[in-house]
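Please open the structure in your viewer and keep the sequence panel visible. The tour below proceeds by selection, and each stop states what is to be found there.

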Amino acid sequence: MSVVAADRKPVRFRLPRLRIRGGRWVSPVLLLLVWELGSRTGIIPERILAAPSAVAETFWALSVSGELSSNLAVSLARALVGLAFGLAAGVVLALIAGLSRTGEVAVDPLMQIKRTIPTLALTPLFIVWFGIGETPKITLIAAATVFPIYLNLFSGIRGVDARLIEAGRSFGLTQAELIRDVILPGALPSFLVGLRYALGVSLLVLVVAEQINASAGLGHLINNARDFMRTDIIVVCLLVYASLGLAADLFVRTLETRALAWRPSIIKS
Amino acid sequence: MATPLARPQQAAPHQPPPQQHNASPSDWRLADDGPAVRVRNFTRRFGDVTVLEDLDLEIAQGEFVALLGRSGSGKTTLLRTLAGIDPAPGQQVLAPDTRAVVFQDARLLPWKRVWRNVALGLKGEGLRGAGIRARAEAALTEVGLDHRLDAWPATLSGGESQRVSLARALVRDPGLLLLDEPFAALDALTRLRMHELVLSLWRRHAPAVLLVTHDVDEAVALADRVLVLDAGRIAAEERITLPRPRAADGAFQDIRARLLRHLGVDAGHRRAAEGALVSFPSGEIVA
């Protein structure tokens, strides 16, 4: 019954549109230019922050000398080994708790208690227990990554559509077949969310763990650079950490498009 | 389809004899040529609520039975018991070993391609590899979906999903096909097409069918026998001998009116009451 006023256009505020393709690059590039300018004019002293050009040079030098790649390999190995332990433990615990009520009663309270303790707060204890070698670093990463995996896989298993399980039963699927064909694929999306979190957490904890008297790795590189006030090396390492995060995200995304090809959102794109 | 259709053959050779399940006295067995389903003095309670009480039901092999009733009359409970989803220990319930259910929502596994969903119906038949795919493909061809073998379920329409669900149920050649309001969520035209499809599949595979529905027209259009469930018992029974396909003519309307009366709706005031009890489509469309 109502008449819509067709001649009144909605008034909207708009920033002037940038006509450059990929306009999102503009502000970071501007920041870099300002930073470089500040360094060249001496407003930003090198001991506070090295110029972008100096960082690029250092990056090149470290890459050519092999210093960067060898330390990166050490750091990456720490993160991956820690993550592997965390992943394995998280998956096993989630399966135990998710697939049986007894398992839930046994496992879930412990995991919830563990969750209330920030993992990084365990660092001193781990140093007392495991010394200052590789063990405390890897244990710390493993301990931190267990929870995102456990929580997401557990809730994923419990969240599987009960009607699908019922349908599976009506077709005479055995318990093992139900788990393999219905429950685990149904929990996979949640698991991948957990994996993405765990990858992020593993890098975060890596940074802290590597501050524990490391004799190799990115953390070692940063500690040395700090002692000699080499801000250029510190920035290079920060960039490497950032790209590790990006790579981890890309990895899980690729995994998702492959493993979850059946999802409507992925089918459309 | 112009010719009147004969009843399907009784006791197709591939059907194993009905077996006793859900535990009951050992002197209570069915002969090979006996009924596909036999339920005696069946009572089902959930807490203080008695859903079904002292119910008797027999379905002959190859017979198409429709079960009508209001919401909460226990139709679905009975179907789920026969499906083995809700076991009823200590009760006299006999059903064939090979049963298959088509639910109102198709319940396809979204992470399995269409043909693999159909192959789920073959679990326990000991088939391997190419044999499974061939059987699934044949079943999907029967429901007219041989071009969607490798599609993901999320890309199917409601009618297509339900056809896949039918293929999954029939791929194992069940002795008993249980349909739980399978067309209730479909639009009227798709529903009519599904009726034809179900009839032709039933003629070919000759399973005993129990169709649970609250659509009187659907029941009258499809079934050999319509049962009305009320207060946990079978309150009325109507045998329908009209040739299929059934036009909404005088005889059809008479049966329909009688059934509606059993459901507490006076056919004279059908229009007013339709929204409450009888779902769309109305009988006039069934032609």
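Colour chain B of this predicted model by confidence: its pLDDT averages 81, and 81% of the residues score at least 70. Select residues 1-17 of chain B, where the pLDDT is below 50; beyond near neighbours in sequence, this stretch has 27 contacts in the model. Residues 20-29 of chain B also have a pLDDT below 50, with 15 contacts beyond near neighbours in sequence.

Apply the same colouring to chain A. Its mean pLDDT is 89, and 91% of its residues reach 70 or more. In residues 1-5 of chain A the pLDDT falls below 50, and this stretch has 0 contacts beyond near neighbours in sequence. For the model as a whole, the scores are ipTM 0.76 and pTM 0.78.

**The sheet of chain B**

Select strands β6, β7, β8, β4, β9 and β10 of chain B. In that order they form an open sheet of 6 strands with mixed pairing. The edges are β6 (99-102) and β10 (233-239) of chain B, each of which pairs on one side only. From one strand to the next, the twist averages 20 degrees.

Strands of a sheet pair through backbone hydrogen bonds, in either the parallel or the antiparallel sense. Begin with β4 (residues 64-69) of chain B, which pairs with β8 (residues 208-213) of chain B in the parallel sense over 5 bridges. Display Val65(B) to find its bridge partner in β8(B), Leu210(B). Strand β4(B) also pairs with β9(B), in the parallel sense and over 5 bridges. Here Gly69(B) has Leu229(B) in β9(B) as its bridge partner.

Move on to β9(B) and β10(B), which run antiparallel and are joined by 6 bridges. Arg225(B) has Arg239(B) in β10(B) as its bridge partner. The two strands form a hairpin with 2 residues between them, and Ala231(B) in the turn has a positive phi of about 50 degrees.

**Helices on the sheet**

Now add helix α1 (residues 75-83) of chain B. Helix α1 lies across β4, β6, β7 (176-180), β8 and β9 (225-230) of chain B, and runs at about 150 degrees to β7(B). Next add helix α7 (residues 250-262) of chain B, which packs on the sheet and touches β4, β9 and β10 of chain B. The direction of α7 makes about 175 degrees with that of β10(B).

**A second hairpin, and a cis peptide**

Select strand β2 (residues 37-46) and strand β3 (residues 49-59) of chain B. They run antiparallel and are joined by 7 bridges; in β3(B), Leu55(B) is the bridge partner of Phe42(B). The hairpin has 2 residues between the strands, and Gly47(B) takes a positive phi near 65 degrees.

Where does Pro245(B) lie? Pro245(B) is in the loop between β10 and α7 of chain B. The peptide bond leading to Pro245(B) from Arg244(B) is cis, with omega near 0 degrees. Most residues other than glycine have a negative phi, and most peptide bonds are trans.

**The helices of chain A**

Two packed helices are described by the angle between their axes and the distance between those axes. Select helix α6 (residues 134-158) and helix α8 (residues 175-209) of chain A: they pack at an angle of about 160 degrees, with their axes 7 Å apart. The two helices are therefore roughly antiparallel. By class, the contact of α6(A) with α8(A) comprises 20 nonpolar, 7 polar and 1 charged residues. The crossing of α6(A) past α8(A) is right-handed.

Keep α8(A) and add α10 (231-259) of chain A. The pair packs at an angle of about 170 degrees, with axes 10 Å apart, which makes α8(A) roughly antiparallel to α10(A). Display side chains at this contact: from α8(A), including Leu188(A), Arg196(A) and Val207(A), and from α10(A), including Tyr241(A), Asp249(A) and Ala259(A). The residues of this contact divide into 12 nonpolar, 2 polar and 3 charged.

Then centre on Met229(A), in the loop between α9 (218-227) and α10 of chain A. Met229(A) is not a glycine, although its phi is positive, at about 55 degrees.

**Where the chains meet**

Finally, display both chains. At their contact, 17 residues of chain B touch 17 residues of chain A. The side belonging to chain B has 10 nonpolar, 4 polar and 3 charged residues.

Conventions
Residues are numbered from 1 along each chain as its sequence is written. Chains are lettered from A and ligands numbered from 1 in the order in which they are written. This is a predicted model: local features need pLDDT of at least 70, side-chain atom pairs count only at pLDDT 80 or more; totals for chains, interfaces and linings use all residues. Axes are lines fitted to C-alpha atoms, for helices over the stretch in contact, and angles run from 0 to 180 degrees between N-to-C directions. Helices (H or I, at least four residues) and strands (E, at least two) are DSSP runs, numbered from the N terminus. Angles under 35 degrees count as roughly parallel, over 145 as roughly antiparallel, 65 to 115 as roughly perpendicular and the rest as oblique. A crossing is left-handed if the near helix is turned anticlockwise from the far one by less than a right angle, and right-handed if clockwise. Ala, Val, Leu, Ile, Met, Phe, Trp, Tyr, Cys and Pro count as nonpolar, Asp, Glu, Lys and Arg as charged, and the others, Gly among them, as polar. Two strands pair if DSSP finds at least two bridges between them. Two residues are in contact if their C-beta atoms, placed from the backbone, lie within 7 Å. pLDDT is the predictor's confidence in each residue, from 0 to 100.
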